[in-house]
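Please find below some remarks on the model under review. They are set out as numbered points, beginning with one strand and its partners.

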Amino acid sequence: MNTTYSPPIEVRALRKSFRGQVRVDDVSFSVGRGRVAGLLGPNGAGKTTTIRMLLGLAQPASGSALVLGRPYRELESPGSTVGAVLDSGGLHPARSGRMHLRIVAARAGIPASRIEEVLAEVGMTADADRRAGGYSLGMRQRIALAAALLGSPEILVLDEPANGLDPTGMHWLRQRLRSFADAGGTVLLSSHLLADVQDIADDIVMIVDGGVAAASSLDEALAASNGDLEGFYLAVAGDRTGVR
């Protein structure tokens, strides 16, 4: 009997270079079920590149990025396994939010009945038929989140999902992600909003200059910094903020 446990997200010794410059260097971490992990680090540190490799959008030079023990591209139903938000710029300005979701659902083989459910969940029902070119950044972000939730995934991978959200939207997002994890889901969240990360995260992974500078539970990080996640971040990042 095989009792080997594969965490929902497992990154092993990832390495990636662009034009001869190392962007991600020996990055390893995992995220367990029922956990929210905050992926932190300066701009250009390698966070988005790591996420893109996890989602099969970039090929690592070495190492592996696994979802439920398999590369993303080998998942039988990726849209129903992982919900992802990489940015809110994927909306065609001439399409409505509802049409965007119809296209996403059709491509992923997700029932169209889910569209109205996720629109209501993200508070976009009233504006769903407006052209995306007239959306605010926060509205675009809500539609991106709706698309991530369409397949009722068990894992969420979110790159700066709070960009453009007003305080009400940010409060909703914090509650939604926390309840998602508390129900057994897994969340990997890249964010510069340290107060929000401190409110919802169980674990943190800090990437600086392409490598993991710290990986611990949030409680351990706070204990090392008198309860101040910003202080922990600044102590770890130090002066190593060169863009890669």
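1. Which residue stands opposite Ile204 in strand 8? In this predicted model, that place is taken by Gly38. The residue belongs to strand 3, which covers residues 36-40 and is joined to strand 8 by 4 bridges. Strand 3 and strand 8 run parallel.

2. On its other pairing, strand 8 is joined to strand 9 (residues 211-217) by 6 bridges, and here the two strands run antiparallel. Within this pairing, Ile207 stands opposite Val212 of strand 9. Strand 8 and strand 9 together form a hairpin, with 2 residues between them. The turn contains Asp209, for which phi is positive, at about 55°.

3. Are the residues of strand 8 buried or exposed? Strand 8 comprises residues 203-208, and 6 of its 6 residues are buried. Asp203, Val205 and Ile207 point one way from the strand, whereas Ile204, Met206 and Val208 point the other way. Burial therefore applies to both sets, given the cut-off of under 20% relative accessible area. The acidic residue Asp203 is one of those buried.

4. A second site that deserves attention is Arg98, which lies in helix 2 (residues 97-108). Its relative accessibility is 11%, so Arg98 counts as buried, the cut-off for that class being under 20%. Leaving aside residues up to four places away in sequence, Arg98 touches Ile115, Glu116, Leu119, Thr125, Ala128 and Asp129.

5. Turning to the whole chain, the model has 8 helices and 9 strands. The radius of gyration is 18 Å, close to the 18 Å that the globule rule gives for 244 residues, so the chain is as compact as a globular protein of that length. The C-alpha trace spans about 45 × 45 × 40 Å along its principal axes.

6. As to burial and contacts, 50% of the 244 residues count as buried. Of the contacts between residues at least 6 apart in sequence, 68% join residues that are at least 24 apart.

7. The final point concerns surface and charge. The protein chain exposes about 11400 Å², of which carbon and sulfur atoms supply 48%. There are 25 positive and 26 negative side chains, and the centres of these two sets lie 9 Å apart.

How values were computed
Residues are numbered from 1 along each chain as its sequence is written. This is a predicted model: local features need pLDDT of at least 70, side-chain atom pairs count only at pLDDT 80 or more; totals for chains, interfaces and linings use all residues. Side-chain values use heavy atoms; hydrogens and water are left out. Buried means under 20% relative accessible area, exposed over 50%, partly exposed in between (1.4 Å probe, protein chains only). Two strands pair if DSSP finds at least two bridges between them. The radius of gyration is taken over C-alpha atoms; the globule rule is 2.2 Å times the number of residues to the power 0.38. Contact means heavy atoms within 4.5 Å. Accessible areas come from the Shrake-Rupley method with a 1.4 Å probe; for residues, only the protein chains shown count as cover. Lys and Arg count as positive and Asp and Glu as negative; His and the chain ends are not counted. The place of a charge is taken as NZ of Lys, CZ of Arg, CG of Asp or CD of Glu.
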